[in-house]
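Me: I am new to this structure and would like a close look at a single part of it, the nonpolar core, set against the chain around it. Please take me through it in one connected answer.

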Amino acid sequence: MTRVAVLAGGVGAARFLDGLVRVVPPSDVTAIVNVGDDMEWAGLHISPDLDTITYTLSDLVNPETGWGLRGESRRTLDRLSELGGPDWFMIGDLDLATHLYRTHRLSAGDTLSDITRDLTARLGLECVITPVTDDRLRTVVCADAGELAFQDYFVRRRASDAVHSLRFDGAESAQPAPFVRDALASADAIVIAPSNPFLSIDPLLSVSGVRELVRSSKHKVAAVSPIIGGQAVKGPAADILQSLGHDVSALGVARIYAELANVFILDQEDASLAPAIETETGMRVVVMPTLMIDVDAKMALASGTLKAVLDAA
Ligand code: FO1
């Protein structure tokens with residue numbers, strides 16, 4: 001039995017987990033998921049990263065976007081738009097059911113982690129998917145335009161603002177959700193998924209005690225680079241590295257993770273950076289293909305990452 005905990009954001013993490021649950025028994029996997037992207041939309045609670053991971057692992061995700069549900073329409077959104085309601089965030093007709101269900105249960109006093117457990121069980125998933133916290137946590141992006149709520153920055157303004165800094169509203173008091181501490185402490189391996197280090201992983205780590213737990217487990221932690229050839233596989237990670245004054249490369253990411261991880265998974269395209277990363281950060285660098293273009297690639301990345309971290313531990 002190899003228990004694996006994965007610190008997870010959205011699409012990149014979902015793809016990594018999709019490979020992981022095919023190479024180890026899914027019941028040995030816990031995804032600890034960012035909720036800094038959560039928002040209230042038309043009175044509903046939306047948890048994009050939890051849903052992206054849940055839909056991907058249950059093979060329901062829209063393969064073109066990597067989020068939302070396959071085959072859904074936007075009829076409700078179009079009608080909402082005609083009524084003058086919010087229409088800049090694409091909530092599909094089938095996805096809407098998840099938000100209705102979640103919001104209804106939250107308003108009845110249930111926790112986000114309980115609701116997520118029930119949703120994932122309904123979909124037949126055997127792995128644990130848990131929000132990092134049941135408390136309110138919201139990523140706020142500080143830019144020239146002022147303080148922007150995460151989805152305002154990311155979707156409405158198309159991540160076009162230079163990011164000056166980020167803060168995580170609620171982090172001071174947010175407590176880990178019930179299984180988070182245990183999952184980290186009892187894991188044989190912890191993987192920092194190829195997610196955005198600033199927008200997906202940092203909010204997770206800001207929850208009380210989580211960074212400390214990961215740091216003290218450093219011998220069993222691997223981080224997978226979300227940057228290949230100086231570019232993000234998806235999203236604004238490269239732009240944010242730049243605007244926050246980091247090296248726009250896998251080396252820049254490795255410096256950020258050096259305090260937390262023992263192993264750094266580097267794409268083959270960046271193999272020439274391996275010696276510099278090892279010397280500068282002390283992490284063991286393992287080079288492999290990290291682009292998750294199909295199921296085989298996802299499985300190879302997951303098993304390669306696991307082997308690297310277990311060998312090094
Ligand atoms: N991303 C977009 O770029 N545009 C959207 O309209 C959008 C809607 C959306 C609805 C539900 C959901 O679960 C995710 C959605 N996303 C959308 C993705 C989401 O903004 C990001 O993937 C994450 O928050 C970043 O990890």
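**The core and its setting**

Reply: Among contacts in the chain between residues at least 6 apart in sequence, 68% join residues at least 24 apart. This is a predicted model, and the values that follow are computed from it. The secondary structure of the chain comes to 13 helices and 14 strands. Its radius of gyration is 19 Å, close to the 20 Å that the globule rule gives for 313 residues, so the chain is as compact as a globular protein of that length. Along the principal axes, the C-alpha trace spans about 60 × 45 × 40 Å.

Turning to the interior, 54% of the 313 residues count as buried. The largest nonpolar core has 88 residues, and those with the most contacts inside this core are L7, L20 and F264. Helix α1, which covers residues 11-23, gives the largest share of this core, with 6 residues. Leaving aside residues up to four places away in sequence, L7 touches I32, L184, I190, V191, I192, A193, I201, L204, L205 and V214. Apart from this largest core there is a second, separate core of 8 residues, which includes I46, L77, I91 and L96.

The outside of the chain can be set beside this interior. The chain exposes about 13,200 Å², and carbon and sulfur atoms supply 50% of that area. As for charge, the chain has 27 positive and 42 negative charges, and the mean positions of the two sets are 2 Å apart.

Two loop residues complete the picture, and their backbone angles deserve a careful look. Most residues other than glycine have a negative phi. D59, however, has a phi near 60 degrees, a positive value in a residue other than glycine, and D59 is found in the loop between α2 (48-57) and α3 (75-82). Because its relative accessibility is 54%, and the cut-off for exposed is over 50%, D59 counts as exposed. A159 also has a positive phi, near 50 degrees, and is likewise a residue other than glycine; its place is in the loop between α6 (150-156) and β8 (165-169). With a relative accessible area of 16%, A159 falls under the 20% limit and is therefore buried. Of these two loop residues with a positive phi, then, D59 is exposed, whereas A159 is buried.

Definitions and conventions: Residues are numbered from 1 along each chain as its sequence is written. This is a predicted model: local features need pLDDT of at least 70, side-chain atom pairs count only at pLDDT 80 or more; totals for chains, interfaces and linings use all residues. Side-chain values use heavy atoms; hydrogens and water are left out. Helices (H or I, at least four residues) and strands (E, at least two) are DSSP runs, numbered from the N terminus. Buried means under 20% relative accessible area, exposed over 50%, partly exposed in between (1.4 Å probe, protein chains only). A nonpolar core is a set of buried Ala, Val, Leu, Ile, Met, Phe, Trp, Tyr and Cys residues joined through side-chain atoms within 4.5 Å. Contact means heavy atoms within 4.5 Å. The radius of gyration is taken over C-alpha atoms; the globule rule is 2.2 Å times the number of residues to the power 0.38. Accessible areas come from the Shrake-Rupley method with a 1.4 Å probe; for residues, only the protein chains shown count as cover. Lys and Arg count as positive and Asp and Glu as negative; His and the chain ends are not counted. The place of a charge is taken as NZ of Lys, CZ of Arg, CG of Asp or CD of Glu.
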